[in-house]
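Please work through the exercises below with the sequence and the model at hand. Attempt each task before reading its solution.

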Amino acid sequence: MSVRILALVGSLRAGSHNRQLAEAAVKLAPEGAEVDLFEGLAEIPFYNEDIDVEGGVPAAAARLRDAANAADGLILFTPEYNGTIPAVLKNAIDWLSRPYGAGALSGKPVAVVGTAFGQYGGVWAHDETRKSVGVAGGKVLEDVKLSIPGSLTRFAETHPADDAEVAEQLTEVIARLQGHASEPAAA
């Protein structure tokens, strides 16, 4: 049985290097793992408890929750916006954190990776994302990291899937997430 990993991308830009990195993850997933790239984060309204009511949850948010509930683990791809996590990804985490204590992230292994233009590859955003996911109930894989610096130059003419070093590192991240996702749940 294949381990299902849901990929969320924190950049909405069509030519996003983080989206390309997520596409590479789909392509490079090792045997026994399937990476599903979620489409539609832009359609999800900002989290508001007033609209998060039975029978009234916006369809886009319900679709995200269903996708996360069906996954064995998640991999979040995030750039760094002004030193932190993009709003669209934070909003997705907020929707997945509810209902409190029983949200779609509860107990699921989550890896956070990404690329950014700066010399640290978005590490601040990745740290903030890990923090938010942990508070939301996800099982953050603190030792599974990939922050790729210099995205504009590194991926100017090369798709991340065709960068041998990135492909190897990303495949390792997915394999480690796959290993955590296939562990039996703690009693």
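The exercises that follow concern a predicted model, and each is followed by a worked solution.

**Exercise 1. Length and start of helix 1**

Task: Determine whether the end-to-end distance of helix 1 agrees with its number of residues, and state which residue caps its N-terminal end.

Solution: Helix 1 covers residues 17-28, which is 12 residues. The expected span is 1.5 Å times one less than the number of residues, so for helix 1 a span of 16 Å should result. The C-alpha atoms at the two ends are 16 Å apart, in agreement with that value. At the N-terminal end, the cap is Ser-16. One of its side-chain oxygens lies 3.1 Å from the backbone nitrogen of Asn-18.

**Exercise 2. Burial in helix 1**

Task: Decide whether His-17 is buried or exposed, and list the residues with which His-17 is in contact beyond its neighbours within four places in sequence.

Solution: His-17 belongs to helix 1. Its relative accessibility is 11%. A residue counts as buried under 20%, and His-17 is therefore buried. Beyond the neighbours within four places in sequence, the contacts of His-17 are Thr-115, Ser-151, Leu-152, Phe-155 and Pro-160. Other buried residues of helix 1 include Asn-18, Gln-20, Leu-21 and Ala-22, and further along Ala-24 and Ala-25.

**Exercise 3. Two partners of helix 3**

Task: Classify how helix 3 is oriented towards helix 4 and towards helix 2, and name the residues that meet in each pair.

Solution: Two packed helices are described by the angle between their axes and the distance between the axes. Helix 3 (residues 87-96) and helix 4 (residues 123-135) pack at about 15 degrees, and their axes are 9 Å apart. Angles under 35 degrees count as roughly parallel, and helix 3 and helix 4 therefore fall into that class. Their crossing is right-handed. Leu-89, Lys-90 and Ile-93 of helix 3 meet Thr-129, Ser-132 and Val-133 of helix 4.

For the other pair, the axes of helix 2 (residues 59-70) and helix 3 come within 10 Å and cross at roughly 70 degrees. Helix 2 and helix 3 are therefore roughly perpendicular. On the helix 2 side, Ala-61, Leu-64, Arg-65 and Ala-68 make the contact, and on the helix 3 side Ala-92, Trp-95 and Leu-96 do so.

**Exercise 4. Surroundings of Thr-129**

Task: State how accessible Thr-129 is and which residues Thr-129 touches, not counting those up to four places away in sequence.

Solution: Thr-129 is part of helix 4. Its relative accessibility is 0%, so Thr-129 counts as buried. With residues up to four places away in sequence left out, Thr-129 touches Leu-76, Thr-78, Ile-85, Leu-89, Ile-93 and Val-112.

**Exercise 5. Backbone features in two loops**

Task: Locate Asn-82 and Pro-99, and describe the backbone feature of each.

Solution: Asn-82 lies in the loop between strand 3 (73-77) and helix 3. Its phi is positive, about 50 degrees, although Asn-82 is not a glycine. At 84% relative accessibility, Asn-82 counts as exposed. Pro-99 lies in the loop between helix 3 and strand 4 (109-115). The peptide bond joining Arg-98 and Pro-99 is cis, with omega about 0 degrees.

**Exercise 6. A pair separated along the chain**

Task: Find the distance between the C-alpha atoms of Thr-171 and Leu-28.

Solution: Thr-171 is located in helix 6 (residues 164-181). At 24% relative accessibility, Thr-171 counts as partly exposed. Although Thr-171 and Leu-28 are 143 residues apart along the chain, their C-alpha atoms are separated by 6.0 Å.

Definitions and conventions. Residues numbered from 1 in each chain as written. Predicted model: local features only at pLDDT ≥ 70, side-chain atom pairs only at ≥ 80, totals over all residues. Heavy atoms only, no water. Helix = DSSP H or I, 4+ residues; strand = E, 2+ residues; numbered from the N terminus. Buried < 20%, exposed > 50% of the residue type's maximum accessible area, 1.4 Å probe, protein only. Polar contact = N/O pair within 3.5 Å; in protein donor to acceptor, adjacent residues only side chain to side chain. Axes fitted to C-alpha atoms, helices over the stretch in contact; angles between N-to-C directions. Parallel < 35°, antiparallel > 145°, perpendicular 65-115°, else oblique. Left-handed = near helix turned anticlockwise from the far one by under 90°. Contact = heavy atoms within 4.5 Å.
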